[in-house]
Amino acid sequence: MPVRAASFLGPALLPNQDAQWSEALLPLNVDNLVLQIMGQPVRRAGRFIKVVCCGALACLQSVPPEDLQDKKIGIFPATGLGNVDEILPFITQVFKHEGGFPSPNQFANSVSNAAAFFLAKICGVQGVVLTISQEEISFESALWLAQSYLEQGEIELALVGGCDVFTPSVADYRERMNLSAADSRMLPAGEGSSWLLLGGDKEKSLGNILAVDFSNELTAPDCFAANEQILRVCDNFSLRTTINCGLSQQSIRRRLLPGFRLTGALSPIWEQHGWYREDYLPHCGIHPTAAAFGLARALLSVEPALYLHYNCHAAGKLAVVAAAK
């Protein structure tokens, strides 16, 4: 799948810019970014919707308008936790106050596809609009689904993104993501809204998504820490991908994008087997769809490489994405 455009937005709310992150700063006010990217406030929208729209529009605005005109575009937002900030007040109002009636805004913002609806309306898209939620492999699932729609010719372009926002407190946020020292890297919590525009003219592409795969080759807890087995999975996947796509295995540099479930990501065994590690998580913090940040950031880099993003669902299901720059 050609990647026509990409954009990454982390908790520092600086589109396409790196910043070392501290979870003590969560969450920053997003309204200034809304004005910068959208030119006006977004009415009747919560923070999750605003962050989704800012991230997606930062991606679309890098494409000439004529390249989008009259195109059949699908929108595939992915989220692990969804709009918890809007859902919690709604639930509290209904269930903790004798069944009181929530406000129309509370109800509208609590709907799972609300952010996708706002984005489609702002972009003028009338095609397929689907929100995908599969916890920490949500973005990978959205990529796979968008690929299916593109291959079947139902759409010409696919706007695929991953967005999750912090909801206090840090301890509650970590609990929602099921984070522990046994099955995740101990890095700061974060948030983000990062997007890829797939399809279109290969000559104008930033790179390509070569393959998206879900595997049960490893089972929990092995999928978190068994570096030798994980390395074997990544070696086999990269070999299969380069052969299928006609890439030279000798000339291309392999770079690992380690997801937050890869607890052995800093082991020297990776470099010993020819893998360079691109650790993006210190710039965006841990959040369920951090993979979108890592892949978008990689595709906007200047170095040609085969990028392999590896992550593992808390229940043990692997998700591997290969991209070439």
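## Exercises on backbone, rings and a pocket

N16 lies in the loop that runs between β1 and α1. The model is predicted, and the exercises below use its computed geometry.

**Exercise 1.** Determine the sign of phi at N16 and at N178, and classify the exposure of N16 and N178.

*Solution.*
Step 1. Most residues other than glycine have a negative phi.
Step 2. N16 is not a glycine, yet its phi is positive, near 60°. N178, also not a glycine, has a positive phi of about 60°.
Step 3. N178 sits in the loop between α8 and β4 (192-199).
Step 4. Partly exposed covers the range between the 20% and 50% limits of relative accessible area. The relative accessible area of N16 is 34%, so N16 is partly exposed. N178 has 45% relative accessibility and therefore counts as partly exposed.

**Exercise 2.** State whether the peptide bonds L26 to P27 and P168 to S169 are cis or trans, and place P27 and S169 in the chain.

*Solution.*
Step 1. Most peptide bonds are trans.
Step 2. Omega from L26 to P27 is near -15°, and this bond is cis. From P168 to S169 omega is near -5°, and this bond is cis.
Step 3. P27 belongs to the loop between β1 (2-7) and α1 (31-38). S169 is found in the loop between β3 (157-164) and α8 (170-176).

**Exercise 3.** Classify the ring pair of F8 and F293, and find what the pair ties together.

*Solution.*
Step 1. The aromatic pairs number six.
Step 2. In one of them, F8 and F293 have ring centres 5.0 Å apart and planes at 70°. Planes over 60 degrees apart count as edge-to-face, and the F8 and F293 pair is edge-to-face.
Step 3. F8 is in the loop between β1 and α1, while F293 is in helix α13 (residues 290-299), so the pair joins parts 285 residues apart in sequence.
Step 4. Both F8 and F293 are buried. Ring pairs also link F8 and F293 with Y280 in a cluster.

**Exercise 4.** Describe where R253 lies relative to the ring of Y276.

*Solution.*
R253 lies over the face of Y276, 4.0 Å from the ring centre.

**Exercise 5.** Characterise the second largest pocket by its volume and lining.

*Solution.*
Step 1. The second largest pocket holds about 250 Å³ of space.
Step 2. Its lining has 13 residues, with L60, L68, I73, C123 and V125 nearest the centre.
Step 3. The elements giving two or more residues to this lining are α2 (47-60) and α6 (114-123).
Step 4. Sorted by class, the lining has seven nonpolar, four polar and two charged residues.

Key:
Residues numbered from 1 in each chain as written. Predicted model: local features only at pLDDT ≥ 70, side-chain atom pairs only at ≥ 80, totals over all residues. Heavy atoms only, no water. 1 Å grid on protein atoms, 1.4 Å probe; cavity = no way out; pocket = protein on both sides within 12 Å on 5 of 7 lines; lining within 4 Å. Points joined across faces, edges and corners; volume = space filled by probe spheres on them. Helix = DSSP H or I, 4+ residues; strand = E, 2+ residues; numbered from the N terminus. Nonpolar A, V, L, I, M, F, W, Y, C, P; charged D, E, K, R; others polar. Buried < 20%, exposed > 50% of the residue type's maximum accessible area, 1.4 Å probe, protein only. Phe/Tyr/Trp six-rings, centres within 6.5 Å; stacked < 30°, edge-to-face > 60°. Lys NZ or Arg CZ within 6 Å of the ring centre and 35° of its normal.
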